[in-house]
Amino acid sequence: MEPAPPVVSSSEHDITFACVHCAAPLVVDAAAAGMTLACQRCGKPTPVPTMPSRQTSSMETQKRLSDLKRHLKENESQRTEITGSINQLSIQLHRWQLRLQTLNDRQKELQAEITKLSD
């Protein structure tokens with residue numbers, strides 16, 4: 001059997017803890033302490049802790065905070081990369097639009113010259 005997940009907080013009648021599989025926050029009556037219940041989010045069996053473990057909870061909170069900060073940095077890096085790509089593609093699109101306009105103008109000139117010579 002897996003060790004019980006740490007208690008995030010508890011009151012006189014409730015135990016609040018996180019699922020060991022998906023980290024979903026769960027709240028159960030204190031009478032369920034020590035039992036294994038199905039997680040409401042993932043449905044996997046999750047042991048209900050019997051007593052608070054503030055040190056473990058604090059360590060897990062710090063780990064979660066560190067993970068979130070790392071994900072935020074990765075996200076910002078990807079946003080910067082995508083923004084740069086969009087800017088490059090926008091410049092390239094503008095160049096192609098100018099080139100198309102030049103070709104359209106040239107086409108009109110050539111058609112006008114053909115019409116003039118045909119008359």
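Helices, which here are runs of at least four residues, and strands, which are runs of at least two, are both assigned by DSSP and numbered from the N terminus. Read along the sequence with those terms in mind, the protein chain of this predicted model follows the pattern β-β-β-β-β-α, and it therefore counts one helix and five strands under that DSSP assignment. The briefing below takes the chain as a whole, then the nonpolar core, the hairpin of S2 and S3, a residue of S5, and the salt bridges of the helix.

**The chain as a whole**

- The protein chain has 119 residues, and buried residues make up 13% of them.
- The protein chain exposes about 9800 Å², and carbon and sulfur atoms supply 56% of that area.
- Among the contacts in the protein chain with a separation of 6 or more, 31% are accounted for by residues that lie 24 or more positions apart.

**The nonpolar core**

- The largest nonpolar core has nine residues, namely Ile15, Phe17, Cys19, Ala24, Leu26, Val28, Ala32, Cys39 and Val48.
- The elements that give two or more residues to this core are strand S2, covering residues 14-18, and strand S3, covering residues 25-29.
- As general background, nonpolar side chains tend to be buried together in soluble globular proteins.

**Strands S2 and S3 and their hairpin**

- Strands S2 and S3 run antiparallel, and five bridges join S2 to S3.
- Within this pairing, Ile15 stands opposite Val28 of S3, while the bridge partner of Ala18 in S3 is Pro25.
- In a regular strand the side chains alternate between the two faces of the sheet.
- Along S2 the side chains alternate in this way, with Ile15 and Phe17 pointing to one face and being buried, while Asp14, Thr16 and Ala18 point to the other and are not buried.
- Along S3 the side chains alternate as well, so that Leu26 and Val28 point to one face and are buried, whereas Pro25, Val27 and Asp29 point to the other face and are not buried.
- The hairpin of S2 and S3 has six residues between the strands, and Ala23 is found in this loop.
- Phi of Ala23 is near 65 degrees, which is a positive value in a residue other than glycine.
- Ala23 counts as exposed because its relative accessibility is 52%, and the cut-off for the exposed class is over 50%.

**Thr46 in strand S5**

- Thr46 has its place in strand S5, which covers residues 45-47.
- Thr46 is buried because its relative accessible area is 1%, and the buried class takes in values under 20%.
- The side chain of Thr46 reaches the backbone oxygen of Lys44 at 3.3 Å.

**Salt bridges and helix H1**

- A search of the whole structure finds five salt bridges, and a network of salt bridges links Lys63, Asp67, Arg70 and Glu74.
- Arg70 and Asp67 meet through their side chains in a salt bridge with an N to O distance of 3.7 Å, and both residues lie in helix H1, which covers residues 54-118, where they are three residues apart, about one turn of the helix.
- Arg70 also meets Glu74 in a salt bridge between their side chains, with an N to O distance of 3.2 Å, and these two residues of helix H1 are four residues apart, about one turn of the helix.
- Arg70 counts as partly exposed because its relative accessibility is 41%, and Glu74 counts as partly exposed because its relative accessibility is 36%.
- Glu76 forms a salt bridge with Arg79, in which the closest N and O atoms are 3.4 Å apart.
- Because Glu76 and Arg79 are three residues apart in helix H1, about one helical turn separates them.
- Glu76 is partly exposed, since its relative accessible area is 42%, and the partly exposed class lies between the limits of under 20% for buried and over 50% for exposed.

Technical notes
Residues numbered from 1 in each chain as written. Predicted model: local features only at pLDDT ≥ 70, side-chain atom pairs only at ≥ 80, totals over all residues. Heavy atoms only, no water. Core = buried A, V, L, I, M, F, W, Y, C linked by side-chain atoms within 4.5 Å. Buried < 20%, exposed > 50% of the residue type's maximum accessible area, 1.4 Å probe, protein only. Contact = heavy atoms within 4.5 Å. Areas by Shrake-Rupley, 256 points an atom, 1.4 Å probe, with all protein chains shown as cover. Salt bridge = Lys/Arg side-chain N within 4 Å of Asp/Glu carboxyl O. Polar contact = N/O pair within 3.5 Å; in protein donor to acceptor, adjacent residues only side chain to side chain. Pairing = 2+ DSSP bridges.
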